[in-house]
Amino acid sequence: MAPLSTNEFGRSRVSERSVVDGGRERTEATPKALYTLMMRISALEDGILKALSAGTFRAPFYPVRGLEPACAAVGLALKPTDYIVSTYRCLGDVLAKGVPMREIMAELFGRAAGTSKGKGGSMHMAAPDYGLMATTGVVGAGMPIAAGLGLAALWDGADRVVVTTFGDGASSTGAFHESLNLASLWSLPVVFLCQNNQWGEHTSIDDYTRQPVIATRAEAVTMKTIRVDGFDSMAVFSAVREAVDHARMQRAPVFLESVTFRLRPHAYGTDEPYIPKSKREAAIEKDPVPNMRRLLINSGALTVDEVSSIDEAILVEVDDAIRFAESAPPTPIGEMMTDVYASTGGMPL
Amino acid sequence: MNTMADPTLAGAALASVPGETMSFSQAYRDALAFALESDPSVVLLGEDIADPAGGVTKLLRGLSTRFGVQRVRSTPISEQAIVGAAIGASLGGMRPVAEIMLMDFLGVCLDQLANHAAKLRYMTGGRSHVPITIRTMVGGGGSNGAQHSQSLESWLTNVPGMKVVCPSNPLDGKGLLLSSIFDDDPCIIMEMSRVIFHPQKMVVPRGDYRVPLGVAEVRRAGTDVTIVSWGRTLNDALIAADELAELSVSAEVIDLRSLVPLDIQTVLTSAAKTTRVLVVHAGVQFAGFGAEIASQVTENLFDTLSCPVRRLGAPYAPTPAGPLEASYVPTASTITSAALGLK
């Protein structure tokens, strides 16, 4: 069959219908699905924090509570063949991309059954077969990589899009600016999703920049920008869909700023005397998961019983994942020296 | 995930393949053209690389005209974005060849190289790989001063996950570049300006010609002293070997060609024979890569050696501009003197 047309690389374009979704089923993007995914993120984080407090395992952990709407909305908007590049605060993105809880927990526990055989750790979860291409522990550093995946998405002729997530703190890095400029210049199908929780590590946004509207940086390079209240789950839901659709159909980048507030510490085990109590309390009022639950019930979309049964199933899934990781065999010592190079001939290994 | 180029031609016997006399630039351009022509996943990224500039040294002249600006992409002056985009494109199935104009500029993108390119395979438990090639020019000899003249291989060799390659002549230039491009690991290939602009020409095979990474070459056989080097100082070592021959000292000259992977066996075999070893490089001697060679030779052959392994590199100072620079990097005469000092 003759190709539909050729792209700028002279390669055949692949028609929308011929793009295979990686053999996995896509969840229908409904408010119920959004809530379910948000709740899975929230509940798994609760399970992780409980296990950390109990000393069941040790690992650095960067909570995502308060960011669930955008994570979950991305999960529903993307196809399995689309790409994500995440940051160390990655739990929501990893779950959203469909990585099973058991693999996530095994990675956190340092088990061979983990996403990276237990060698990556909580900040470096990756599952390319799910489209989770890389997760970086360096602030802002995933953005240039996402731009490159955008270039590959143009080249391969499919209709892939790339989403990369980062915090507001990344906006002060050079990699941030270099990536936005390049993506705009080359019109790359990348959604730059800024999870603006108002804090860069332990410094307030007002103390590290005079321009707290992060999206202005993207406007400066003429990129389409969308700014949304990150605690308003349904607004985030439609903003993410708009951004992903734009990147997919227009083959052009979008900067999406989801404005939230930090609901939990920067990292597990750190204290937060720096967060004013009144601001924290106001933010907790907006905690998206319980609010979304109320919305579903009050609007009549789901009954109390239906929501309870969703929640109970998730708690069982979380419990199972943690038990699985606890009893899984640790990564054997022989894995220390594998995966350093493709082949080890002549290597000082 | 990524497709390998047809490897059946790798290591094609030199004599049986039609060749052409080429300078380093010609051989290099020939390699890039072959890669672009034979593998649609190859894309070139870098500042000024498209025509009419064709790269800061004109090394890539004509390639964008022949293969299009989509595949020979000039970039903004954004080294982090260049290396990061190469990494991302490779994760998405491409085989990018990115240029960092000068090795000194690794200083602004080392995070992408050392923390991402080098580590993604390991951090993903082998689920990802990053088959990128970073081409970078090493200056020196042009009075360009401390920020455009450095040979910084020792910044890289201490980071597991990268391969570090350094050709000294046109033939190896083509063969090592093609091996790097079609290698599944991130490779950094150091293009020394004194090698790029060296008057030497060689018969270089047309088409696919590869020099395997991690195989040193004995460029000159000898019996009294082993001189180990790479890149620009290798050519000075060959001149020194001529000078030494006139003084009845037989020097064996080994071109490492890649530092990672390291062919230490070829060095040890030679050292066991000559019992005297001199390591020469353009980078700073203190904590330079020569120390690794010296250490490995000593650990393996302490009882065999006639004298301690000697290193000869740049002094522990930034590269000076002006006439002082001539005394900074080892030369044929300082190499000869150092070799004569091995008793």
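**Exercise 1. Determine how helix 2 and helix 9 of chain A pack against each other in this predicted model.**

Solution. Helix 2 of chain A spans residues 68-77 and helix 9 of chain A spans residues 233-250. Their axes come within 9 Å and cross at roughly 45°. Angles under 35 degrees count as roughly parallel, and those of 65 to 115 as roughly perpendicular. Helix 2 and helix 9 of chain A are therefore oblique to each other. The sense of the crossing is right-handed.

The next step is to list the residues in contact. Helix 2 of chain A contributes A:P69, A:A70, A:A73, A:V74 and A:A77, while helix 9 of chain A contributes A:S233, A:V236, A:F237, A:V240, A:R241 and A:V244. Sorted by class, these residues comprise nine nonpolar, one polar and one charged.

**Exercise 2. Apply the angle criterion to helix 1 and helix 7 of chain B, and describe their contact.**

Solution. Helix 1 of chain B covers residues 24-38 and packs on helix 7 of chain B at an angle of about 25°, with the axes 8 Å apart. Since angles under 35 degrees count as roughly parallel, helix 1 and helix 7 of chain B are therefore assigned to that class. Their crossing is right-handed.

From helix 1 of chain B the contact takes B:F24, B:A27, B:Y28, B:D30, B:A31, B:F34 and B:A35; from helix 7 of chain B it takes B:P170, B:L171, B:G173, B:K174, B:L177, B:L178 and B:I181. The class count is 11 nonpolar, one polar and two charged residues.

**Exercise 3. Reconstruct the strand order of the seven-stranded sheet in chain B and identify its edges.**

Solution. The sheet is open, with the order 3-2-4-5-7-6-12 and mixed pairing. Strand 3 (72-75) and strand 12 (258-260) of chain B each have a single partner strand, so one side of each is left without a neighbour in the sheet. From one strand to the next, the twist averages 20°.

Consider one pair within this order. Strand 5 of chain B, residues 133-138, runs parallel to strand 7 of chain B, and six bridges join the two. Within the register, B:I134 stands opposite B:I188 of strand 7.

A helix may then be placed on the sheet. Helix 3 of chain B (residues 79-91) lies across strand 2 (42-47), strand 3, strand 4 (95-102) and strand 5 of chain B, and runs at about 165° to strand 4.

**Exercise 4. Analyse the interface between chain A and chain B, with attention to the helix pair formed by helix 5 of chain A and helix 3 of chain B.**

Solution. The interface brings 43 residues of chain A into contact with 40 residues of chain B. On the chain A side, the elements giving two or more residues are strand 2 (132-136), helix 5 (142-155) and helix 6 (174-185). Helix 5 of chain A gives the most, with 10 residues. The chain A side divides into 25 nonpolar, 11 polar and seven charged residues.

Turning to the helix pair, the axes of helix 5 of chain A and helix 3 of chain B come within 6 Å and cross at roughly 50°. That angle makes helix 5 of chain A oblique to helix 3 of chain B. The crossing is right-handed. The residues involved include A:A147, A:G148 and A:L151 of helix 5 of chain A, and B:G84, B:A85 and B:G88 of helix 3 of chain B. By class, this contact has 13 nonpolar, four polar and no charged residues.

**Exercise 5. Describe how domain 1 and domain 2 of chain B meet.**

Solution. Domain 1 spans 18-205 and domain 2 spans 217-340 of chain B. Their C-alpha centres lie 26 Å apart. The contact takes 28 residues from domain 1 and 23 residues from domain 2. On the domain 1 side, helix 6 (153-157), strand 6 (163-165), helix 7 (170-181), strand 7 (187-192) and helix 8 (193-196) of chain B each supply at least two residues. That side comprises 12 nonpolar, 12 polar and four charged residues.

**Exercise 6. Locate the cis peptide bonds that precede B:P52 and B:P261.**

Solution. The bond from B:D51 to B:P52 is cis, with omega near 5°; B:P52 lies in the loop between strand 2 and helix 2 (63-67) of chain B. The bond from B:V260 to B:P261 is also cis, with omega near 0°, and B:P261 is placed in the loop between strand 12 and helix 10 (264-274) of chain B.

Technical notes. Residues numbered from 1 in each chain as written. Chains lettered and ligands numbered in written order. Predicted model: local features only at pLDDT ≥ 70, side-chain atom pairs only at ≥ 80, totals over all residues. Domains from an automatic or database assignment. Contact = placed C-beta atoms within 7 Å. Helix = DSSP H or I, 4+ residues; strand = E, 2+ residues; numbered from the N terminus. Nonpolar A, V, L, I, M, F, W, Y, C, P; charged D, E, K, R; others polar. Pairing = 2+ DSSP bridges. Axes fitted to C-alpha atoms, helices over the stretch in contact; angles between N-to-C directions. Parallel < 35°, antiparallel > 145°, perpendicular 65-115°, else oblique. Left-handed = near helix turned anticlockwise from the far one by under 90°.
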